[in-house]
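Student: I've got a protein model open and I'd like to learn how to read it. Can we go through it together?

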Amino acid sequence: MISTENILLETPTPEPPVDEAWDVERIRDDFPVLRQTVNGKPLVYLDNAASSQVPQVVVDRGARYLEEEHSNIHRGVHYLSMRATTAYEGAREKVKRFLNAREAKECIFVRGATEGINLVMHGYGRKFVSEGDEVIVSAMEHHANIVPWQMLCEEKGARLRVIPMNDAGELLLDEYDALLNERTKIVAVNHISNALGTVNPVKEIIATAHKHGVPVLVDGAQSAPHLAVDVQDLDCDFFVLSGHKMFAPTGSGIIYGKAEWLERMNPFQGGGDMIRSVTFEKTTYAGLPTKFEAGTPAIASQIGLGAAIDYLNSIGRERAVAYEKELLAYATAKISAIEGVRIIGTAREKASVLSFVIEDVHPHDIGTILDQEGIAVRAGHHCAQPVMQRLKVPATARASFAFYNTKEEADALAGAIEKVIEVFS
Ligand code: PLP
């Protein structure tokens, strides 16, 4: 068991007042990658739902670890190892505060949302799901929150049930209610759909599941970067996030779990660090969080996640969320006014994501032409093929916004879409 009691945390910068105006140009200065041209045009980066960009302070924190602290954690008694351990466990404390978890040991470092969901599938699912049981997911999940559960159901002879959605991309909660029964063993649902941008009413979904004694995993890959998340207020049993979608390096992420579940679950992977004692006859496991962190983790990346959280706190999360909301509304109005464009995903509650199709133009062609204009969007099924099947589109083009994007960039997107239409008319 790791003690974080004596960890010296780097002092976080206090949040600016909520009513201070959002100075997007100053924020953009923090992101070195945004200062470049692509195909002779200023880069317009609108692929934040895939991976967001990393501020200089996060780059610097990773470099500092490599230059001054690089060493393995937990096992060493020497100076560098203790410094690396302090920084790594400090990052866990920051995540704990960011999510408002009860204890840092409830925050397990993983490579990203996919690994976190697989950890719960193995640790919880393989232990508690049996033949005839049911697992509920929603119609708008990313493949990362479908395939592991399907694998589990196949192995156990269990059944995957799906909460349906309407044409706007909103879950049908009455039907969800009807799916829950005494065979339901877990509900796994995303907070914000990466394909549609729908913000799901996860608090309500969790409360309903809990009435049946069923735990809920929230896939927060898209929400942690764009909403303020409080896992105690949500009362979710598990919450997963990917660092590379929230301004941190790839290879970083968290699966939060209530200690009462994590303690009862099987370990995910076996190996070094996750044990209390090993003999050829029997191994006993370490306590939380180490039980779930076998082998050498992505130390530099997870320290970077801690630095990204400091950064988010320093710019003011509430202000960032409010600015993104305004920007999405602006871009949606602008782009839906273009003749021939259809927005895919028109839920009342949306964040960050604007998916669209253009009549008679394949989304890959849209993506290629936009790239010639220096605009980075994603084109394809967004690892959400069932969403495409449900809404009867082969793919979409997806612009996804972060707090460093501007209205001028939304205008540039609209102008480039008009060019696409011209090329194909
Ligand atoms: N869940 C959602 C909603 C996502 O958008 C993504 C990635 O796009 C994932 C899960 C998988 O995240 P990762 O690739 O970081 O594991």
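Tutor: Sure, let's take it in short questions and answers, keeping in mind that this is a predicted model.

Student: How is the chain divided, and how many residues does the contact take from domain 2?

Tutor: Domain 1 covers 44–48 + 316–424, and domain 2 covers 79–313. Their C-alpha centres lie 28 Å apart. The contact takes 30 residues from domain 1, and from domain 2 it takes 31 residues.

Student: Now the helices: are α3 and α10 parallel or oblique to each other?

Tutor: Look at residues 79–99 for α3 and residues 299–315 for α10; the axes are 8 Å apart and the angle is about 45 degrees. Roughly parallel would need an angle under 35 degrees, and roughly perpendicular starts at 65. The angle of about 45 degrees fits neither range, so the two helices are oblique.

Student: Which residues meet there, and how many of the contact residues are nonpolar?

Tutor: On the α3 side you'll find, among them, Ala-84, Tyr-88 and Phe-98, and they face a group in α10 including Ile-303, Gly-306 and Asp-310. Sort the contact residues by type and you get two charged, two polar and, for the nonpolar ones, eleven.

Student: Where does Pro-289 lie, and what is the peptide bond from Leu-288 to Pro-289 like?

Tutor: Pro-289 is in the loop between β12 (283–285) and α10. For the bond from Leu-288, check omega: the value is near 0 degrees, and the bond is cis.

Student: I noticed Asp-360 and His-382. Which of them is buried?

Tutor: Asp-360 has phi near 65 degrees, a positive value in a residue other than glycine, and His-382 has a positive phi of about 60 degrees. Asp-360 sits in the loop between β14 and α12, while His-382 sits in the loop between β16 and α13. Buried means under 20% relative accessible area and exposed means over 50%. With 75%, Asp-360 is exposed, but at 7% the buried one is His-382.

Student: And Arg-390: what does it touch, once residues up to four places away in sequence are set aside?

Tutor: Arg-390 belongs to helix α13, residues 385–391. At 30% relative accessibility, Arg-390 counts as partly exposed. Leaving out residues up to four places away in sequence, Arg-390 touches Met-165, Asn-166 and Asp-167.

Student: How far apart in space are Arg-390 and Phe-356?

Tutor: Along the sequence, Arg-390 and Phe-356 are 34 residues apart. In space, going from C-alpha to C-alpha, the distance between Arg-390 and Phe-356 is 15 Å.

Key: Residues are numbered from 1 along each chain as its sequence is written. This is a predicted model: local features need pLDDT of at least 70, side-chain atom pairs count only at pLDDT 80 or more; totals for chains, interfaces and linings use all residues. Side-chain values use heavy atoms; hydrogens and water are left out. Axes are lines fitted to C-alpha atoms, for helices over the stretch in contact, and angles run from 0 to 180 degrees between N-to-C directions. Helices (H or I, at least four residues) and strands (E, at least two) are DSSP runs, numbered from the N terminus. Angles under 35 degrees count as roughly parallel, over 145 as roughly antiparallel, 65 to 115 as roughly perpendicular and the rest as oblique. Contact means heavy atoms within 4.5 Å. Ala, Val, Leu, Ile, Met, Phe, Trp, Tyr, Cys and Pro count as nonpolar, Asp, Glu, Lys and Arg as charged, and the others, Gly among them, as polar. Buried means under 20% relative accessible area, exposed over 50%, partly exposed in between (1.4 Å probe, protein chains only). Domain bounds come from an automatic or database domain assignment.
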